[in-house]
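Here are some notes to read alongside the model. They go point by point, so feel free to keep the viewer open as you follow.

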Amino acid sequence: EQWQWLSRGLEEAMIGFIEQASGPGWGLYCAFYEAFYPPVLRALAQARQRGATLQIVMDWKRAAWSEDKKAWTQRGPQHLNYWALAESGLLDSGCVTHRTRPLSAISHNKFMVLVSPAGRAEAVWTGSTNITPGAIFGHTNVGHVVRDPEICCQYLAYWKKLQEDPEKQEFAAFNEKLSPLPSESTASSWKSLALFSPRLRWADTLAFIAQLI
């Protein structure tokens, strides 16, 4: 009961989103940084067992040995992700792609794209919530479900590029084209907008967001 109170409906909504992939033809295309909360990983595994397509891009930066410190420097949560994937049966399932580049930055994604049997990107789960106990029960995080067709398609295109494990500059150029800033002619007409990172002109993007606040 106390966990349910701490969840504030976040865990239930996340698992409910996954359960929409109810059988063959449905697909879940996920991108995660931290993903080691077993009930969510198990829900993803169960969607796959129902016949849905499941693909996950997971941050997976290799650790580095420091001769000066005589210690390994860990870059990201891949060890905890590994254990959770193994516990859920997804580790060796062939549905996990490792995001290894760039080494200098984390791949801090936390979204899922739901694709219908017709091949349409139907909905996106996004927000600030990593797939961890702390993020779900301990922090003031949010989860958003987006059903705008254009934005859902953009998220799916972003996910497909992410699966290629591109270098930062290549990915930034791709994102500038996928999600351009509104031009002067469209600045007052847009109703919904997704801006993906990294970007080549990141300062312009920050300035645009700042003037909206």
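1. At what angle do helix 6 and helix 7 pack, and how far apart are their axes? Before the reply, a reminder that this is a predicted model. The angle between helix 6 (residues 149-163) and helix 7 (residues 168-178) is about 165°, and their axes lie 11 Å apart. Angles over 145 degrees count as roughly antiparallel, and helix 6 and helix 7 are therefore roughly antiparallel to each other. Their crossing is right-handed.

2. Next, the residues that make this pairing. Helix 6 brings Gln154, Ala157, Tyr158, Lys161 and Leu162 to the contact, and helix 7 answers with Glu170, Phe171, Phe174, Asn175 and Leu178. Sorted by class, the contact of helix 6 with helix 7 holds six nonpolar, two polar and two charged residues.

3. Lys161 deserves a look of its own. This lysine sits in helix 6 and is buried, its relative accessible area being 13%; the cut-off for buried is under 20%. Setting aside residues up to four places away in sequence, Lys161 touches Pro166, Glu170, Phe171 and Phe174. Of these partners, Glu170, Phe171 and Phe174 also appear among the helix 7 residues that meet helix 6.

4. Please also check the loop between helix 6 and helix 7, where Asp165 is placed. Asp165 is not a glycine, yet its phi is positive, near 55°. Is Asp165 buried or exposed? With a relative accessible area of 10%, Asp165 is buried.

5. Arg8 makes a good companion to that point. In the loop between helix 1 (residues 2-7) and helix 2, Arg8 has a positive phi of about 55°, and Arg8 too is a residue other than glycine. Arg8 is partly exposed, at 45% relative accessible area, whereas Asp165 is buried. As background, most residues other than glycine have a negative phi, and most peptide bonds are trans.

6. With that in mind, which peptide bonds here are cis? One runs from Arg101 to Pro102, with omega near -10°. Pro102 belongs to the loop between strand 5 (residues 96-99) and strand 6. Another joins Ser197 and Pro198, with omega about 5°, and Pro198 is in the loop between helix 7 and helix 8 (residues 202-210).

7. Now for another helix pair. The axes of helix 2 (residues 10-19) and helix 3 (residues 38-49) come within 9 Å and cross at roughly 15°. Angles under 35 degrees count as roughly parallel, and helix 2 and helix 3 are therefore roughly parallel to each other. This crossing is right-handed. Glu11, Met14, Ile15 and Ile18 of helix 2 meet Pro39, Val40, Ala43, Leu44 and Ala47 of helix 3. By class, that contact has eight nonpolar residues, one charged residue and no polar ones.

8. Glu11 is worth following from that contact. Placed in helix 2, Glu11 counts as buried, at 15% relative accessibility. Beyond its neighbours within four places in sequence, Glu11 is in contact with Tyr37, Pro39, Ile136 and Phe137. Its C-alpha atom is separated by 9.5 Å from that of Pro133, a residue 122 positions away along the chain.

9. Where does the nonpolar interior come from? The largest nonpolar core has 35 residues, and Leu28, Phe32, Leu44, Ile56, Leu90 and Met112 have the most contacts inside it. At least two residues of this core come from each of helix 2, strand 1 (27-32), helix 3, strand 2 (53-59), helix 4 (78-88), strand 6 (110-115), strand 7 (121-127) and helix 5 (133-138). Helix 3 gives the most, with six residues.

10. Phe32 shows how this core is knit together. Leaving aside neighbours within four places in sequence, Phe32 is in contact with Leu44, Ile56, Val57, Met58, Asp59, Ser107, Asn109, Lys110, Phe111, Met112 and Ile131. Apart from the largest core lies another, of 20 residues, including Val115, Val146, Trp159 and Phe171. Phe171 thus links back to the opening point of this note, as one of the helix 7 residues that meet helix 6.

Key:
Residues numbered from 1 in each chain as written. Predicted model: local features only at pLDDT ≥ 70, side-chain atom pairs only at ≥ 80, totals over all residues. Heavy atoms only, no water. Axes fitted to C-alpha atoms, helices over the stretch in contact; angles between N-to-C directions. Helix = DSSP H or I, 4+ residues; strand = E, 2+ residues; numbered from the N terminus. Parallel < 35°, antiparallel > 145°, perpendicular 65-115°, else oblique. Left-handed = near helix turned anticlockwise from the far one by under 90°. Contact = heavy atoms within 4.5 Å. Nonpolar A, V, L, I, M, F, W, Y, C, P; charged D, E, K, R; others polar. Core = buried A, V, L, I, M, F, W, Y, C linked by side-chain atoms within 4.5 Å. Buried < 20%, exposed > 50% of the residue type's maximum accessible area, 1.4 Å probe, protein only.
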